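Me: I would like to go through this structure step by step. Please keep each answer short and end it on what I asked for.

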There are 2 protein chains.
Amino acid sequence: MLTAFTKACRRYDVNIADEDRGARTGRLRRGVPQQMTKPQLDLGAAQPTRRERVREATLAEIKQIARNHLVEHGTGGVSLRAVAREMGMTAPGLYRYVSGIDALLVLITADMFQELADAVAAADASVPADDTDLRILTSLRAFRSWAVTHRAEFATMFGPHVRLAPETDITPAVEAGRRFGATFYTLFDRLLSEERFPLPDGDRVSPQLARELRAFADTCGFSAPHIPVEAVMVLSSCWVRLYGVVSMEVFEHLNFVMRDMEPLFESELRSILTGLGVRYLPPESSASVTTGTPD
Amino acid sequence: MLTAFTKACRRYDVNIADEDRGARTGRLRRGVPQQMTKPQLDLGAAQPTRRERVREATLAEIKQIARNHLVEHGTGGVSLRAVAREMGMTAPGLYRYVSGIDALLVLITADMFQELADAVAAADASVPADDTDLRILTSLRAFRSWAVTHRAEFATMFGPHVRLAPETDITPAVEAGRRFGATFYTLFDRLLSEERFPLPDGDRVSPQLARELRAFADTCGFSAPHIPVEAVMVLSSCWVRLYGVVSMEVFEHLNFVMRDMEPLFESELRSILTGLGVRYLPPESSASVTTGTPD
DNA sequence: CGGCGTTTGCTAACGGCGTTCACTAAAGCG
DNA sequence: CGCTTTAGTGAACGCCGTTAGCAAACGCCG
């Protein structure tokens with residue numbers, strides 16, 4: 001009984017519930033010195049063991065292949081057995097690295113948030129840093145651009161959680177999503193500090209909404225410590241519109257009614273930015289030849 | 001060879017590709033009179049055979065149980081075997097009624113669109129017919145209300161198609177979705193004819209966008225034959241915002257940052273309606289005690 | 001270098017899934 | 001009643017996630 005429990009603790013140890021396992025093994029398996037499992041604990045992480053390195057590489061390969069399957073066959077097409085097969089392994093072997101298919105999906109979701117954040121940040125960095133207007137325009141376009149070129153990823157990140165069991169721990173993905181959001185918060189903060197647009201009247205914010213917006217601001221850690229709730233409301237509204245138009249495009253809900261969704265996105269973008277007092281520039285001439293059918 | 005083909009034609013005949021089957025069987029199985037498969041074809045559909053009645057009932061039961069499983073266990077929890085088990089049947093038996101799990105999901109999705117349309121229409125009919133403002137307000141609130149009380153359904157209807165194979169024929173669901181959309185189109189038409197709000201300048205509509213919007217209007221069959229594209233743009237923008245705020249709530253993307261999404265919805269609703277020149281009324285006093293956690 | 005605990009990956013197995021095929025029993029119709 | 005059509009079953013195939021037990025490889029330490 002106790003043996004089985006400690007064994008279970010030893011198994012699903014990586015990446016999910018890491019400190020949890022550290023605590024439990026420390027209490028239950030007193031005979032085994034902890035340095036065994038993580039050598040050179042005090043010497044810093046600069047010197048990973050050879051074992052740790054190859055382990056990290058295997059985990060990366062797992063995630064990479066799972067990601068490929070996600071892109072090629074959709075969320076439902078990711079299976080431990082298929083990943084293992086492609087790696088020349090068997091499915092149970094993967095359980096040394098991931099605690100199950102759900103955890104693997106959460107892992108790659110977190111990675112994808114990081115990747116999206118990097119893509120937006122790269123676009124943001126590609127324009128002059130002091131041109132806030134252009135930075136916002138570029139960042140929002142980069143968001144849509146990444147979404148339409150990574151449809152399967154976007155669906156798992158921003159769609160409903162349809163595959164995961166409800167009790168799955170998705171905090172890694174949520175954390176990554178929060179870091180992604182910070183990209184936009186920073187830009188919005190800049191815009192606020194420049195006082196580019198008048199905040200809406202305070203009486204348009206109901207007490208209930210004010211409470212939720214305050215919680216929003218507190219949780220997300222704006223750089224502005226006491227950001228007015230009216231500003232958070234504007235940000236929320238913009239995010240809702242951006243999310244709506246991009247999701248509708250990626251989820252293909254107007255497919256039978258519109259061929260190319262980019263004009264609608266640009267229209268919404270222009271409307272959003274104008275409302276923020278940010279100047280809008282039409283996209284490059286490549287706008288008419290988008291990913292839509294050339295016909 | 002030919003036998004196998006005709007057998008395959010005879011099997012997956014119902015509900016999906018109905019006329020297709022009629023045509024094929026008519027050509028391939030000349031020896032069998034068509035009246036056999038559909039008796040009293042000329043006497044009208046008012047007299048369904050006993051067989052047809054029980055068959056319809058069985059199909060309805062299948063869909064009902066599948067729907068229950070969808071609600072209780074999410075999209076991934078719907079399985080032919082489980083449905084059959086609950087019906088006291090075996091899974092292969094269901095193939096007499098549905099051509100596979102994907103077709104079943106499409107079927108119930110179409111049903112759900114119909115149900116949503118009915119719910120919105122019922123709310124719309126519950127207020128004075130000549131009060132366009134109140135009808136719109138009530139209809140949009142009914143949309144959100146249905147969504148948050150039917151989360152699993154909403155996710156399969158408005159989320160990404162994550163379970164279905166890409167080549168699945170989803171036209172039944174798309175058709176039902178179109179009928180649902182007509183509910184809002186009609187109200188919007190009313191609003192337009194009342195000329196309640198000024199249309200935006202035509203130069204805000206790019207030629208590409210105008211083309212897409214025109215296709216949108218044509219496909220959806222507005223009652224106004226030559227509705228201006230500017231109006232379609234306004235409608236699209238409103239729909240994007242509504243879709244965005246409701247989807248974010250149902251998909252729980254701000255869960256870790258907001259407890260109750262209704263205030264944000266009401267805020268967006270007010271903003272949308274104000275932009276349309278429609279008067280906004282705050283919700284009943286039950287607003288603060290919504291479906292959210294009581295604490 | 002050998003010894004030995006840790007880590008890794010395997011095989012076998014269980015149960016669940018979608019789907020097909022061959023077949024039986026029932027229902028409807030002349 | 002006899003014949004055709006239909007409803008439903010059981011067995012089977014190949015997927016899937018997951019667990020348990022076991023053997024080989026690894027790496028550290030004496």
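Me: Which element gives the largest share of the surface near DNA strand D?
Reply: This is a predicted model. In chain A, α3, α4 (80-87) and α5 (91-94) each supply at least two residues of the surface near DNA strand D, and in chain B α4 and α6 do so. The largest share, four residues, comes from α4(A).

Me: Which residues come closest to DNA strand D?
Reply: DNA strand D is surrounded by 28 residues. By class, this surface has 11 nonpolar, seven polar and 10 charged residues. The closest are A:R81, A:R85, A:Y95, B:R96 and B:Y97.

Me: How far is a polar side-chain atom of A:R81 from a base nitrogen of DNA strand D?
Reply: Both sugar or phosphate and bases of DNA strand D have atoms within 4 Å of the protein, with 59% of these atoms in sugar or phosphate and the rest in bases. On the phosphate side, a polar side-chain atom of A:R85 lies 2.3 Å from a phosphate oxygen, and an N or O atom in the side chain of B:R55 is 2.7 Å from a phosphate oxygen. For A:R81, the partner is a base nitrogen and the distance is 2.4 Å.

Me: Now DNA strand C: which element gives the most to the surface near it?
Reply: The elements that each supply at least two residues of this surface are α3 (50-73) of chain A and α4 (50-73), α5 (80-87) and α6 (91-94) of chain B. By class, the surface near DNA strand C has 10 nonpolar, six polar and nine charged residues. The element that gives the most, with three residues, is α5(B).

Me: Which residues come nearest to DNA strand C?
Reply: There are 25 residues around DNA strand C. Of the strand's atoms within 4 Å of the protein, 60% belong to sugar or phosphate and the rest to bases. The nearest residues are A:R96, A:Y97, B:R81, B:R85 and B:Y95.

Me: Which residue has a side-chain N or O atom 2.7 Å from a phosphate oxygen of DNA strand C?
Reply: Two backbone cases can be set aside. A polar backbone atom of A:T90 is 2.8 Å from a phosphate oxygen of DNA strand C, and a backbone N or O atom of B:L80 also lies 2.8 Å from a phosphate oxygen of this strand. The side-chain atom at 2.7 Å belongs to A:R55.

Me: How much area is buried between chain B and chain A?
Reply: The contact takes 47 residues from chain B and 47 residues from chain A. The size of an interface is often given as the accessible area lost when the parts come together. Carbon and sulfur atoms give 69% of the buried area, which is about 4100 Å².

Me: How many salt bridges cross the interface of chain B and chain A?
Reply: There are 10 residue pairs in polar contact between chain B and chain A. By class, the side of chain B that touches chain A has 23 nonpolar, 15 polar and nine charged residues. The number of salt bridges across the interface is zero.

Me: What is the relation between chain B and chain A?
Reply: Chain B can be laid on chain A with an RMSD of 0.1 Å by a turn of 180° and a shift of 0.0 Å along the axis. The copies meet through the same surface, because 100% of the interface residues of chain B are also interface residues in chain A. A turn of 180° with a shift of 0.0 Å is the relation of a two-fold axis.

Me: Which residue of chain B comes closest to the rotation axis?
Reply: The axis in question is that of the turn of 180° which lays chain B on chain A. At the C-alpha, the distance from the axis is 1.9 Å for B:G244.

Me: How far apart in sequence are the parts that A:D133 and A:R196 tie together?
Reply: The structure holds 25 salt bridges over all chains. In one of these, the side chains of A:D133 and A:R196 meet at 2.6 Å, N to O. A:D133 lies in helix α7 (residues 132-149) of chain A and A:R196 in the loop between α9 (171-193) and α10 (207-220) of chain A, so the parts tied together are apart in sequence by 63 residues.

Key. Residues are numbered from 1 along each chain as its sequence is written. Chains are lettered from A and ligands numbered from 1 in the order in which they are written. This is a predicted model: local features need pLDDT of at least 70, side-chain atom pairs count only at pLDDT 80 or more; totals for chains, interfaces and linings use all residues. Side-chain values use heavy atoms; hydrogens and water are left out. Contact means heavy atoms within 4.5 Å. Buried area is the accessible area (1.4 Å probe) that two parts lose on being put together, summed over both. A salt bridge is a side-chain nitrogen of Lys or Arg within 4 Å of a carboxyl oxygen of Asp or Glu. A polar contact is a pair of N or O atoms within 3.5 Å; within protein, one must be able to donate a hydrogen and the other to accept it, and residues adjacent in sequence count only if both atoms are side-chain atoms. Ala, Val, Leu, Ile, Met, Phe, Trp, Tyr, Cys and Pro count as nonpolar, Asp, Glu, Lys and Arg as charged, and the others, Gly among them, as polar. Copies are superposed by least squares on the C-alpha atoms of residues with pLDDT of at least 70 in both. A residue is near a molecule or strand if one of its heavy atoms lies within 4 Å of it.
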